[in-house]
2 protein chains.
Amino acid sequence: MVRTRPLQVALLGCGVVGSQVARLMTTHGADLAARIGAPVELAGVAVRRPDRARGTVDPALVTTDAAGLVSRGDIDIVLELIGGIEPARTLINSAFEHGASVVTANKALLAKDGPALHAAAGKHGADLYFEASVAGAIPLLRPLRESLAGDQVNRVLGIVNGTTNFILDRMASGGTSYGEALQEATALGYAEADPTADVEGFDAAAKAAILAGIAFHTRVGLDDVHREGITEVTAADIASAREMGCAVKLLAICERAADGRSVTARVHPAMIPLGHPLASVGEAYNAVFVEAEAAGRLMFYGAGAGGVPTASAVLGDLVAACRNRLNGGRGPGESAYAALPVSPMGEVVTRYHISLDVSDKPGVLAQCAMVFADHGVSIDTVRQTGKGGDAQLVVVTHRAPDAALGATVDALRRLDTVHDVASIMRVEGE
Amino acid sequence: MVRTRPLQVALLGCGVVGSQVARLMTTHGADLAARIGAPVELAGVAVRRPDRARGTVDPALVTTDAAGLVSRGDIDIVLELIGGIEPARTLINSAFEHGASVVTANKALLAKDGPALHAAAGKHGADLYFEASVAGAIPLLRPLRESLAGDQVNRVLGIVNGTTNFILDRMASGGTSYGEALQEATALGYAEADPTADVEGFDAAAKAAILAGIAFHTRVGLDDVHREGITEVTAADIASAREMGCAVKLLAICERAADGRSVTARVHPAMIPLGHPLASVGEAYNAVFVEAEAAGRLMFYGAGAGGVPTASAVLGDLVAACRNRLNGGRGPGESAYAALPVSPMGEVVTRYHISLDVSDKPGVLAQCAMVFADHGVSIDTVRQTGKGGDAQLVVVTHRAPDAALGATVDALRRLDTVHDVASIMRVEGE
């Protein structure tokens, strides 16, 4: 195959990830050319503030006119690394209209507007690749979309946010409070100045929506994802988890119902047994379990964030998009044919670990047990220990619908003998 | 896209994997059609012995004429699940000549003749997919070939043979001998009647050749892979490993030299620290660590063998090949542009754990230490313990070329004071 000019790449955004993409495109240009079958060239780099240092980027390529860059007409691939909804969405749509394929790491935009973006790509015969949007460098979306394309995925269970995993890991290893661990994460650059998107689970929820959509061939929007962050997790919760041989992790969980007719997606802190491979995922690492009908249990582990690892995922997608450009093929588009209903959190079947401060007198345990029974929730284990004048009751349930578990807790709160519901956490990974 | 007839699939071999592929193609036909964009149909199933039960396969499809099936002219995809060199090779080449793409799980053939097969596929504009040839259901080759196509892989370190992992796991957990563990593996169906291919490392070596070729964009043949099996591993080796906080695993290791100018590929038992994620991979599971320049450390874990898991990988490739058929694109072909030299085992830099039975008298330790020094091998730790009239010397070296380590052991054997070199094992994964 002979091409007279290199493939033209427009880079939108030159921050933590973008600057590494630009650097690697330069240092590994010969390798990329050999693997693609034609050279690739940075045609322009759109930034908001051109005065900032851009590392190895040729200043002549830098522009503040992103809209002008993507609509030049000679761009083959647009790498969208700006993030957020706008102007990213408008730029991506313009890229498609002007004949380019797009590689993006924008989980927020994909979770919000994935179907429209895929439709735009399809209309213009372009590719939309987004491996970097979930779990950073870990090859996860391509395996799900392609390697498991002949299988039925029943569950995806993963640690997909490095910031929160770092915080929970520090709380567990150092016995520190949430606040102290967050401070450390901020000081080390793992948490942003405003950590809301991470610690409240918004980032993980966007990833859960993307993962569930791919896994179940069903559109799953952000609003379909039940979301709880880690700000309420206490050192006592983590100590309590350890007592029962568990770690606390912020999990993204996408499940097909047992009858196969509906799916759920959720993000919340959960206890998982220390023997589960996800329990030992430390620091800011990510790991995702995938359970498929034929393939069985698979795990993918690696760096979930960071400029250099995420750049690896972007460049992998760049190579794929460039190859398709040369060979005339197209990567897989949106697959939403199954169109399964997404059930609300109340219908999720899970287990609860509940810690109650109760009056230390006869009959209290029986009274609490009756509340569980009244709601159809079966108790797995119960442990009662003295605690000053009070007693502490730690109950672990069998699997039951989340709504029944929630109603049980509400009813327990109304008992005079229950002074406090000290903690509630779901138990997963068994 | 409107097609008047379903894509035609020829299945060669209907054994452990093939029968599961046929079953899943039937039970999940509607899903496959939706994901591909057109229905797929089994056009024929070639078997050696048509009298054997074939599960859900329509008897009218069964034939003993594999050559006739692949040359019918109307076959879109050939699934080669016969294994071995011939007739698999001839059938695959015939498939390409008759315009079909090929999906295969045949690691032996790929390791032996990969370049010729890729060339044949390229010549006819067909696809050659082979995800199932390494690590069964684990998506590994597609991530390496595509997701990491923009990165530089520096090392692949993995457990890629389930049979030997099962045996070593049993030896470690039960304290049993190699022979007893092999018997158990055979009884449970993990080892074949003739276990040579597994226990002597031939199977893992073929996979190492495939992995190294993909990882380093370099042709690596079977003869380039240093191979040692597990038949010499003793219960004492495993106990000794545990004493130093290690597990013994049969590892496939593909490495780029520190200067980047050459690569190596090898399969041998090695000690790895218990804290390393590969150490806790039990039973017949597989797991592969990939270290890439930008992506960092990645791990892929799952079922490495078995009919159903392997069928998942075959069907994923089938979907990809079918999509390309419809869209006019092609999957990645062979990438061997780097053409790096493959260095012999002697140039591999590794560490040795050596256990010596020596005379229990003054000066022996000094004498042995001098042998290491003479060969330029630096000692990390040495432990001397009484053992009857003799003493036992356990030495762990720092990293050194394998040739120097081997020469050191040879020289130690020649010392009068060294009665026996009780065990030698490499130490990896640090």
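How many bridges join strand β5 (residues 101-104) of chain B to β6(B), and in which sense do the two strands run? The first legend answers this for the predicted model, and the later legends turn to other close-up views.

**Figure 1. The open six-stranded sheet of chain B in the predicted model.** Strand β5 (residues 101-104) of chain B is joined to β6(B) by two bridges, and the two strands run parallel. Within this pairing, Val103(B) has Tyr129(B) of β6(B) as its bridge partner. Both strands belong to an open sheet of chain B with the order β3-β2-β1-β4-β5-β6 and parallel pairing. The edges are formed by β3 (62-63) and β6 (128-129) of chain B; each has a single partner strand, so one side of each is left without a neighbour in the sheet.

**Figure 2. Surroundings of His268(B) in strand β10 of chain B.** His268(B) is found in the strand that spans residues 263-273. With a relative accessibility of 0%, His268(B) counts as buried, because the cut-off for that class is under 20%. The side chain of His268(B) makes a polar contact of 2.9 Å with the side chain of Arg266(B). Leaving aside residues up to four places away in sequence, His268(B) touches Glu228(B), Lys249(B), Leu250(B), Leu251(B) and Ile253(B), as well as Met345(B), Arg426(B) and Glu428(B).

**Figure 3. The relation between chain A and chain B.** Chain B is superposed on chain A by a rotation of 180° with 0.0 Å of shift along its axis, at an RMSD of 0.0 Å. This is the relation of a two-fold axis. In chain B, the C-alpha nearest the axis belongs to Gly329(B) and lies 1.8 Å from it. Both copies use the same surface, since 100% of the contact residues of chain B recur in chain A.

**Figure 4. The contact between chain B and chain A.** On the side of chain B, 45 residues are in contact with 45 residues of chain A. The two chains bury about 3900 Å² between them, and 54% of this area is on carbon and sulfur atoms. Arg35(B), Ser147(B) and Tyr337(B) are the residues of chain B that lose the most area to chain A; together they account for 16% of what that side buries.

**Figure 5. Lys107(A), a position annotated in UniProt.** An unreviewed UniProt entry carries the annotation "binding site" for Lys107(A). In the model, Lys107(A) has its place in helix α5 (residues 107-123) of chain A. Lys107(A) counts as partly exposed, at 24% relative accessibility. Not counting residues up to four places away in sequence, Lys107(A) touches Ser133(A), Asp203(A), Ala206(A), Lys207(A) and Ile210(A).

**Figure 6. Strand β13 of chain A and its pairing with β15(A), β16(A) and β17(A).** Of the 11 residues of strand β13 (residues 349-359) of chain A, 10 are buried, so the strand is largely enclosed by the rest of the structure. Eight antiparallel bridges join β13(A) to strand β17 (residues 418-427) of chain A, with Leu356(A) paired to Val421(A). Strand β15 (residues 390-397) of chain A also pairs with β13(A) in the antiparallel sense, over seven bridges; here Ser355(A) stands opposite Val394(A). Two further antiparallel bridges link β13(A) to strand β16 (residues 400-401) of chain A, where Val349(A) stands opposite Pro401(A). In an unreviewed entry, UniProt lists residues 353-426 of chain A as "domain: ACT". Over these residues the chain is 31% helix and 47% strand, and the end C-alpha atoms are 6 Å apart.

**Figure 7. The cis peptide bonds before Pro87(A) and Pro87(B).** In chain A, Glu86(A) and Pro87(A) are joined by a cis peptide bond with omega of about 10°. Pro87(A) has its place in the loop between β4 (77-80) and α4 (88-97) of chain A. In chain B, a cis peptide bond joins Glu86(B) and Pro87(B), with omega of about 10°, and Pro87(B) is in the loop between β4 (77-80) and α4 (88-97) of that chain.

**Figure 8. Backbone conformation of His217(A) and His217(B).** Phi of His217(A) is near 50°, a positive value in a residue other than glycine. His217(A) lies in the loop between α10 (202-216) and β8 (225-227) of chain A and is buried, with a relative accessible area of 8%. For His217(B), phi is likewise positive and near 50°. His217(B) lies in the loop between α10 (202-216) and β8 (225-227) of chain B, and its relative accessible area of 8% makes it buried.

Terms used: Residues are numbered from 1 along each chain as its sequence is written. Chains are lettered from A and ligands numbered from 1 in the order in which they are written. This is a predicted model: local features need pLDDT of at least 70, side-chain atom pairs count only at pLDDT 80 or more; totals for chains, interfaces and linings use all residues. Side-chain values use heavy atoms; hydrogens and water are left out. Two strands pair if DSSP finds at least two bridges between them. Helices (H or I, at least four residues) and strands (E, at least two) are DSSP runs, numbered from the N terminus. Buried means under 20% relative accessible area, exposed over 50%, partly exposed in between (1.4 Å probe, protein chains only). A polar contact is a pair of N or O atoms within 3.5 Å; within protein, one must be able to donate a hydrogen and the other to accept it, and residues adjacent in sequence count only if both atoms are side-chain atoms. Contact means heavy atoms within 4.5 Å. Copies are superposed by least squares on the C-alpha atoms of residues with pLDDT of at least 70 in both. UniProt positions are given in the numbering used here, feature names are shortened, and annotations may be inferred rather than shown by experiment. Buried area is the accessible area (1.4 Å probe) that two parts lose on being put together, summed over both.
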